[in-house]
Amino acid sequence: MKKIAMVGLALLVATTLFAGGGREARTAEGSVGLTLGSWRTDDVQQINRLIAAFNEEHPNIAIRFDPTNPPDYNATLRLQLESGTGPDIFYARSYATGQDLFADGYMLDLSDQAFIASAYDEGARDPWQTPEGTQFAMPLMAVSHGVYYNVDLFNELGITPPATWDELLQTAQKIADAGYTPIANGLADEWDITEVLWMNIAPAFLGGREARLAYEAGTRPFNDPAMESVFAAVASLEPFLPRGYEAISYNDSKALFLLGEAAMWFDGSWTVSEFEASNPDFTWSVFAPPPPAGATPHITFHPDAGIAINPASPNIEAALTFLEWLSEPRASAVLGNELAGFFPMVSNPPALENEKANAFLQLNEGRELDVRFPWPRLMSGDPSAYSLIQQGSIGVITGRMTPREAARALHQGVTSWYTP
Amino acid sequence: MRHTRSALHPYWSWMWYLVPALFFYSLFMAWPMFKSLELSLYTGSGFNLDTFIGFDNYRRLFGQGVVAERFWGAFRNTWIFFAVHMVVQNSLGLLFATILSSSSLRGAQIYRTIIFIPATLAIVVTGFLWRLLLNPQWGSVNIILTALGLDALALPWLGLEATALITISLVSSWQWVGIPTMIFLSALQNISEDLFEAAEIDGAGNWTTFWRIKMPLIWPIMGVVSILTFTANFNAFDVVFAMAGANGPPNFSTDILGTYFYRVGIAGQHPVGIPDMGLGAAVASFIFLVLFVGVLVIRSVFRDKEEL
């Protein structure tokens, strides 16, 4: 069995490695062919429509979208780039993961491209800049986070979206009393409890961007009362999770919510288009993660995808033409409407047609924004803040740790390798 | 001279027949294994391992903080995984084989087929199937337990640290029990009928026949089964990956050497996802060493009594 798996893996690697080989041959005479690497395997049709819009203005540049299975993307991309078979242009992760590729010479320096500075604000460009200010990728899309809720069920029970954390717990209790599962999230896949629950609610409890910078600068310890309060808030949801939440996976949660058995679900904006496709009659909406009473409400609006150019590409000029086109208003409109739930990061964002995507975007109004807490500085060590937050969140829900212990483990783990 | 050559000829010519096998074995088995041993002494960024660091990878693996904690956890879990297979899968295999070899059993063919069917299915399929069956919300295992009035046993089996690894081991035992059954069955069927007749005449019952005749005669076969189980379990990856994923949830309680190796050496840790190939090669070399020593030990324990 193991051998068969290994042979399969070898074939898979071989096909991925050799897949790039034929790309030059496919394009018509006098035109240029580019490959676009990505982790968005779900978006093939949408990106092909974006490329079709591009080709209306630039018919001589053919672009082939060649996405990789999301969990394998970082490793596959690096392997391709190191072996000289990398795509000409590719999606770039924000912060350290992207920076590492630039540091090793696999991304073109885009600092001199004026169109990037004119289309994107400083804040949008920052996640794809080195500490020295070199632009290694162009911002593309951000994702938002919130709480999905079943509108019909809320109407039936006569409840409205909660405005504070205490109200959330009261609302959840009412839903539980009516015999429904209040919150669909589970622990089996682990990443979701970390990224869409803890990092979704944390900015309001910690105090947003300013607080994050204080933690990163070392002026606030990672186990201060605010940090404990995030873990305590996560723990407070335990009575409202589905029966057997320990073994409920991300897809199980999705199903519980879609089938109307669970009333609320912490998740990111990327699920918008999937929900619309799988059950158009289901009425749902989103509300902002409720802050503790008296705190400023926040939204985790996270820079997700940038786009970078492979310096080894023979067609850098064509790649730059594509990036410049992407930064224009028309491209942003196509992108934002094709990929509902992913938000173009240009400084003048287009009006979105998708109602649900707009609902997500409107949560930003009157609230402060920040990125996912550990992404900018705290991911590259071992143990990373990401895995400590993950273990802490699961620990406090299952009762293996207290919020205080979880915060202390975060502090000890991060400070064992991180210096401000 | 002529005399010598003709005498040597039959002794040495057979070596040429080994050349093709030796060639492919060296190219696809020995050489990669040697390179992997070499790789475990190097480090570098990404997939480009160019810095020789001696035994540093092993030092990290055996004694440095989180790395060592995860590694020894995975090592311990692999032993538990192996123990469950030895106790459940191989005991059941022996029991099934003894029943199937009984001449008074009707429909042995049918039972044999039923027992062997799971072994012919892909792990991805059985793993997914069992995940559905064990789902705490809509899985039939807990529905049946509740219907029987055993609500207290309707647990999220794959979500609890105490039960997840045992559950996965049992699923794997269920899937592969057909293999030891078939091996034991063919061994039992090879035992001469004369011995059983003689035993019967001497007044031996079923129990005595099993312990005094069957057991000693299939003892070397038990060694073979143990070696197969040992190598399969210390190389195991797929069943855990299909049922729990590569991170060994919950809280690394299902993390075995195979998943640990995959995470360190091939996939990298989510969300950064860049593997540490030197450290991965060190894990692979360690697994190789464990298998090598383990097989030697098992062979010496189960050596044919007549060889002694």
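Which strand of chain A does A:His298 lie in? Select that residue and you land in strand 9 of chain A, residues 298-300. Before going further, keep in mind that this is a predicted model.

**Stop 1: around A:His298**

Show the neighbours. A:His298 has 25 C-beta neighbours inside 10 Å, and the cut-off for burial is 20 or more, so A:His298 counts as buried. Leaving aside residues up to four places away in sequence, A:His298 touches A:Pro203, A:Ala204, A:Gly208, A:Pro291, A:Arg367, A:Glu368 and A:Asp370. Now draw a distance from A:His298 to A:Ala117, which sits 181 residues away along the chain: their C-alpha atoms are separated by 27 Å.

**Stop 2: zoom out to chain A**

Switch to cartoon for the whole chain. You have 19 helices and twelve strands to look at. Along the principal axes, the C-alpha trace of chain A spans about 70 × 55 × 50 Å. A compact globule of 420 residues would have a radius of gyration near 22 Å, and chain A agrees, with 22 Å. Colour by burial and 49% of the 420 residues in chain A come up as buried. If you plot a contact map, residues 24 or more positions apart account for 76% of the contacts in chain A with a separation of 6 or more.

**Stop 3: strand 5 and its partners**

Select residues 145-150 of chain A, which is strand 5. Six of its six residues are buried, so strand 5 is largely enclosed by the rest of the structure. Add residues 262-268, strand 7 of chain A: strands 5 and 7 run antiparallel and are joined by five bridges. To see one pair, pick A:His145 and its bridge partner A:Gly268 in strand 7. Then add residues 284-287, strand 8 of chain A, which is also antiparallel to strand 5 and joined to it by four bridges. Here, A:Tyr148 stands opposite A:Val286 of strand 8.

**Stop 4: two domains**

Colour chain A by its domain assignment: domain 1 is 20-142 + 303-362, and domain 2 is 145-300 + 378-415. Their C-alpha centres lie 30 Å apart. Where they meet, nine residues of domain 1 are in contact with eleven residues of domain 2. On the domain 1 side, look at helix 5 (95-103) and helix 17 (355-362), which each supply at least two residues. Helix 17 gives the most to that side, with four residues. By class, the domain 1 side divides into seven nonpolar, one polar and one charged.

**Stop 5: the cores**

Which residues have the most contacts inside the largest nonpolar core? Select A:Met107, A:Val230, A:Val234, A:Ile307, A:Phe322 and A:Leu410, in a core of 161 residues. Helix 10 of chain A, residues 191-206, gives the most to this core, with ten residues. The core also draws at least three residues from each of domain 1 and domain 2 of chain A. For a close-up, centre on A:Val234, which touches A:Leu197, A:Trp198, A:Ser393, A:Val396 and A:Ile397, not counting residues up to four places away in sequence. A second, separate core has 13 residues, including B:Trp176, B:Ile183, B:Phe184 and B:Ala187. As a rule, nonpolar side chains in soluble globular proteins tend to be buried together.

**Last stop: chain A against chain B**

Finally, show both chains and select the residues where they touch. Chain A brings 29 residues to the contact and chain B brings 30 residues. Colour the chain B side by class and you get 16 nonpolar, 13 polar and one charged.

Methods. Residues numbered from 1 in each chain as written. Chains lettered and ligands numbered in written order. Predicted model: local features only at pLDDT ≥ 70, side-chain atom pairs only at ≥ 80, totals over all residues. Rg over C-alpha atoms; globule rule 2.2 N^0.38 Å. Buried ≥ 20, exposed ≤ 12 C-beta atoms within 10 Å, placed from the backbone. Contact = placed C-beta atoms within 7 Å. Nonpolar A, V, L, I, M, F, W, Y, C, P; charged D, E, K, R; others polar. Pairing = 2+ DSSP bridges. Core = buried A, V, L, I, M, F, W, Y, C linked by C-beta atoms within 7 Å. Domains from an automatic or database assignment.
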